[in-house]
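User: I would like to go through the assignments in this model and hear the reasoning behind each label.

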Amino acid sequence: QVQLVESGGGSVQPGGSPRPSCAGSGCIFSRTSMGWYRQAPGKQRELVATMTGHHNIYYADFVKGRFTTSMDNAKNTVYLEMNNLKPEDTAVYYCHLYAMNYWGKGTLVTVSS
């Protein structure tokens, strides 16, 4: 049974740097493609970053230069390092396993002074 568990969100001030993570079980991240998405209140879910099985990474323009995604194969965990956060980055952040179209339950990141 596949399970994706996000954690590491929380409330931060503008400019903060949380590091959400997504731990997987029942799947092997290094052999598949993963994505980070976010959904802000009242808005549609949108793509933040994609990491392919060959570790090619795509970032949405609104996070380029601020967010970095990485994978720890030993822990079967992907991370989203977030820097220079803005209030408009407030959202629930989800990880997504493309091959099985599986979503985690998300972790909320709130950016507020």
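Analyst: What follows is a set of questions and answers on a predicted model, each setting a value against its criterion.

User: How do you know that Cys22 and Cys95 form a disulfide?

Analyst: A disulfide requires two cysteine sulfur atoms within 2.5 Å, and the sulfur atoms of Cys22 and Cys95 are 1.9 Å apart, so the pair meets the criterion. By this rule the count comes to one disulfide. Cys22 lies in strand β3 and Cys95 in strand β9 (residues 91-97), so the bond ties together parts that are 73 residues apart in sequence.

User: What makes the disulfide of Cys22 and Cys95 right-handed?

Analyst: The torsion about the S-S bond is about 55 degrees, and the disulfide is therefore right-handed. Both partners are in the interior class, since Cys22 is buried and so is Cys95.

User: Why is Cys27 in no disulfide?

Analyst: The nearest cysteine sulfur, that of Cys22, is 7.9 Å away from Cys27, whereas the criterion asks for sulfur atoms within 2.5 Å, so Cys27 is left out by this rule. Cys27 is nevertheless buried, because its relative accessible area of 14% falls under the 20% cut-off.

User: What makes strand β8 largely enclosed by the rest of the structure?

Analyst: Strand β8 covers residues 77-82, and five of these six residues are buried, so the strand is largely enclosed. Strand β7 (residues 67-72) is joined to β8 by six bridges, and the two run antiparallel; strand β3 (residues 21-25) also runs antiparallel to β8, with three bridges between them. Val78 of β8 takes part in both pairings, being the bridge partner of Cys22 and standing opposite Met71. The hairpin of β7 and β8 has four residues between the strands, and there Asn76 takes a positive phi near 50 degrees.

User: Why is Thr32 called buried?

Analyst: Thr32 has a relative accessible area of 13%, and buried means under 20%, so the label applies. Thr32 is found in the loop between β3 and β4 (34-39), and, not counting residues up to four places away in sequence, it touches Met51, Thr52, Gly53, Leu97 and Ala99.

User: Why is the pair of Tyr37 and Trp103 called edge-to-face?

Analyst: The ring centres of Tyr37 and Trp103 are 4.9 Å apart, which satisfies the limit of 6.5 Å for a pair, and their planes stand at 70 degrees, over the 60 degrees that the edge-to-face class requires; the pair is therefore edge-to-face. Tyr37 is in strand β4 and Trp103 in strand β10 (residues 102-103), so that the pair links distant parts of the chain, 66 residues apart. The structure holds three aromatic pairs, and ring pairs link Tyr37, Tyr94, Tyr98 and Trp103 into a cluster.

User: Are Tyr37 and Trp103 buried or partly exposed?

Analyst: Tyr37, with a relative accessible area of 15%, is under 20% and so is buried, whereas Trp103, at 30% relative accessibility, lies between 20% and 50% and therefore counts as partly exposed.

User: How do you know that the charged end of Arg45 sits over the ring of Tyr94?

Analyst: The charged end of Arg45 is 3.8 Å from the centre of the Tyr94 ring, and the distance part of the criterion asks for a value within 6 Å. Arg45 also lies over the face of Trp103, at 4.5 Å from the ring centre, which again is within 6 Å.

Methods: Residues numbered from 1 in each chain as written. Predicted model: local features only at pLDDT ≥ 70, side-chain atom pairs only at ≥ 80, totals over all residues. Heavy atoms only, no water. Buried < 20%, exposed > 50% of the residue type's maximum accessible area, 1.4 Å probe, protein only. Pairing = 2+ DSSP bridges. Contact = heavy atoms within 4.5 Å. Phe/Tyr/Trp six-rings, centres within 6.5 Å; stacked < 30°, edge-to-face > 60°. Lys NZ or Arg CZ within 6 Å of the ring centre and 35° of its normal.
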